[in-house]
Amino acid sequence: MRSALAATSFAALFAVFAIGWTPTAAQDHSDLLGRWIVVSWTNPEGEVDSDPGRGLFIFTETNYSMLYVTGGEPRAQWSDEPTDAELLAALGSMVGNSGRYSVDGDQLTYEAYVALNPNYMAGFPDNDVTVTYKLEGETLSLTWTSGFRDGWTVTLGRPGQAGG
């Protein structure tokens, strides 16, 4: 039962793409569209983790989805009948949310419609987070400037590209 509940939670993260939202800012951001995988994380002190856990960011015209493992350690696994401790260890090592986003210059603001963190999700539509984005070739960098992970930068690459 618990593993079915966990699987349903993960599926819900990506179900938001079926919801048709109107973007809150009309600007060309076609360079962001598609799939991006985590290449590295840089903390506010400038230390780079170039062997991070897996992560996938997806941008459509109006919606986004992000799901990533925190840290480079292997995720805890659970048994066929997972205990509360197994679920907490496994799900506690992930961040995931999906919703809508808008772009204004080099600022990307997103609002989570659904999230693994129920407190974050409960704030919709007033749970916006802002990141600065920079695209160089097939590398996308997002630096959090408000909300969670202030000062952190994730470097993303296109799947199949160098570093991605």
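Call a residue buried when its relative accessible area is under 20%. By that cut-off, buried residues make up 37% of the 164 in this protein. Keep in mind as you click around that this is a predicted model.

**Whole chain first**

Switch to cartoon and colour by secondary structure. You should find three helices and nine strands, and walking along the sequence gives the pattern α-β-β-β-β-α-β-β-α-β-β-β. Now put a surface on: the protein exposes about 8,800 Å², with carbon and sulfur atoms supplying 53% of that. If you show contacts between residues at least 6 apart in sequence, 52% of them join residues at least 24 apart.

**Into the core**

Hide the surface and select Phe-57, Phe-59, Leu-108, Tyr-110, Leu-142 and Trp-144. The largest nonpolar core has 24 residues, and these six touch the most other members. Strands that each supply at least two residues to this core include S1 (34-42), S3 (55-59), S4 (63-69) and S8 (139-146). Which strand gives the most to this core? That's S6, with four residues.

Stay on Phe-59 and show what surrounds it. Beyond its neighbours within four places in sequence, Phe-59 is in contact with Leu-32, Leu-33, Gly-34, Trp-36, Tyr-64, Tyr-101, Leu-108, Leu-140 and Leu-142. Leu-108 and Leu-142 you have already selected as core members.

**The S5-S6 hairpin**

Next, select 94-104 and 107-115, which are S5 and S6. The two strands run antiparallel, joined by eight bridges. To pick out one rung, select Gly-99 and its bridge partner in S6, Ala-112. Then slide to the turn: two residues sit between the strands of this hairpin, and Gly-105 takes a positive phi near 65 degrees. For context, most residues other than glycine have a negative phi.

While you're here, show the side chains of Arg-100 and Glu-111. They form a salt bridge, with the closest N and O atoms 2.5 Å apart. Arg-100 belongs to S5 and Glu-111 to S6, so the pair ties together parts that are 11 residues apart in sequence. Are these two buried or exposed? Arg-100 is buried, at a relative accessible area of 18%, and Glu-111 is buried too, at 13%.

**On to S7**

Follow S6 across its other pairing. S6 and S7 are antiparallel, with four bridges between them; to see one, select Thr-109 and its partner in S7, Thr-130.

Before leaving this region, back up along the chain to Pro-125, in the loop between helix H3 (118-122) and S7. Check omega for the peptide bond from Phe-124 to Pro-125: the bond is cis, with omega near 10 degrees. Most peptide bonds are trans.

**The remaining salt bridges**

The count for the model comes to three salt bridges, and you have seen the Arg-100 and Glu-111 pair. Select Lys-134 and Glu-136 for another, where the closest N and O atoms are 3.9 Å apart. Lys-134 is partly exposed, with a relative accessible area of 48%.

Finish on Glu-138 and Arg-158, whose closest N and O atoms are 3.3 Å apart in their salt bridge. This pair links distant parts of the chain, 20 residues apart: Glu-138 is in the loop between S7 and S8, and Arg-158 is in the segment after S9. Colour them by accessibility as a last step: Glu-138 is partly exposed at 38%, while Arg-158 is buried at 17%.

Conventions: Residues are numbered from 1 along each chain as its sequence is written. This is a predicted model: local features need pLDDT of at least 70, side-chain atom pairs count only at pLDDT 80 or more; totals for chains, interfaces and linings use all residues. Side-chain values use heavy atoms; hydrogens and water are left out. A nonpolar core is a set of buried Ala, Val, Leu, Ile, Met, Phe, Trp, Tyr and Cys residues joined through side-chain atoms within 4.5 Å. Buried means under 20% relative accessible area, exposed over 50%, partly exposed in between (1.4 Å probe, protein chains only). Contact means heavy atoms within 4.5 Å. Two strands pair if DSSP finds at least two bridges between them. Accessible areas come from the Shrake-Rupley method with a 1.4 Å probe; for residues, only the protein chains shown count as cover. A salt bridge is a side-chain nitrogen of Lys or Arg within 4 Å of a carboxyl oxygen of Asp or Glu.
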